[in-house]
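Reader: Please show me the model. I would like to go through strands, salt bridges and exposure.

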Amino acid sequence: HEGKSVKAKWVCWLDDHSRRVMDLQAFPDERFPVIEASLKRAILKYGRPERILVDNGKVYSGHALTLACSQLGIHKIHAAPYRPQTKGKVEKFFQLFRRRFLNEIELAPPQELERLNQLAAAWLERYHQRPHRGLEGKTPEERYQPPCYRSVTLQALEESFW
């Protein structure tokens, strides 16, 4: 990233019901602008969720994300501290992602973040077509039922993060 070697930080927004990945992207860090960019991408593509479940990390607990969610009408829920089962579905996804994608990528020479994101997008296409035991043998694509689309204008989305 920008001529420097960095360890990619992955940000993922996962639909709880279907295990469909709303956004998955590698970034050079995990600061608030990264979380903001990723959440905006997911909202622009799939509409505004009713609620999001987030970690208790500083970036998710800050005033800026709380205010943005409030202005967008999104109920932000924090995972229970020291209760990893609260985030079990996303943890399970990252286990699979590590086993089936990251372990192979790490064998190759270092990649640009843009290239990593392209490869991850291709991998996600296959992931969404793979049946899951937890989904009664259905794929995330089959199980995903878009709620009534809760659209947000680009201007309203940008203003909510001011």
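Author: Short questions and answers follow. This is a predicted model, where local features need pLDDT of at least 70, side-chain atom pairs count only at pLDDT 80 or more, and totals for chains, interfaces and linings use all residues. Residues are numbered from 1 along each chain as its sequence is written, and side-chain values use heavy atoms, with hydrogens and water left out.

Reader: How many bridges join strand β1 to β2?

Author: Strands here are DSSP runs (E, at least two residues; helices are H or I, at least four), numbered from the N terminus. Two strands pair if DSSP finds at least two bridges between them. β1 (residues 9–14) and β2 run antiparallel, and the number of bridges joining them is six.

Reader: Which residue in β2 is the bridge partner of Lys-9?

Author: β2 spans residues 21–27. Within β2, Lys-9 has as its bridge partner Phe-27.

Reader: How many residues of strand β2 are buried?

Author: Buried means under 20% relative accessible area, exposed over 50%, and partly exposed in between (1.4 Å probe, protein chains only). Strand β2 is mostly covered, and its buried residues number seven of seven.

Reader: Which side chains of strand β3 point to one face and are buried?

Author: In a regular strand the side chains alternate between the two faces of the sheet. β3 (residues 51–54) shows that alternation. Arg-51 and Leu-53 point to the other face and are not buried, which leaves Ile-52 and Val-54.

Reader: Which residue in β4 stands opposite Leu-53?

Author: β3 and β4 (residues 75–78) pair in the parallel sense over four bridges. Opposite Leu-53 in β4 stands Ile-77.

Reader: Arg-20 forms a salt bridge with Glu-141; how many residues apart are they?

Author: A salt bridge is a side-chain nitrogen of Lys or Arg within 4 Å of a carboxyl oxygen of Asp or Glu. For Arg-20 and Glu-141, the closest N and O atoms are 3.2 Å apart. Arg-20 lies in the loop between β1 and β2 and Glu-141 in helix α6, so this pair links distant parts of the chain, with a separation of 121 residues.

Reader: Is Arg-20 buried or exposed?

Author: The relative accessibility of Arg-20 is 10%. Because that value is under 20%, Arg-20 counts as buried.

Reader: Which residue is linked with Glu-36 and Lys-40 in a network of salt bridges?

Author: Glu-36 and Lys-40 both lie in helix α1 (residues 32–46), four residues apart. Their side chains meet in a salt bridge at 2.7 Å, N to O. The network that links them also includes Glu-158.
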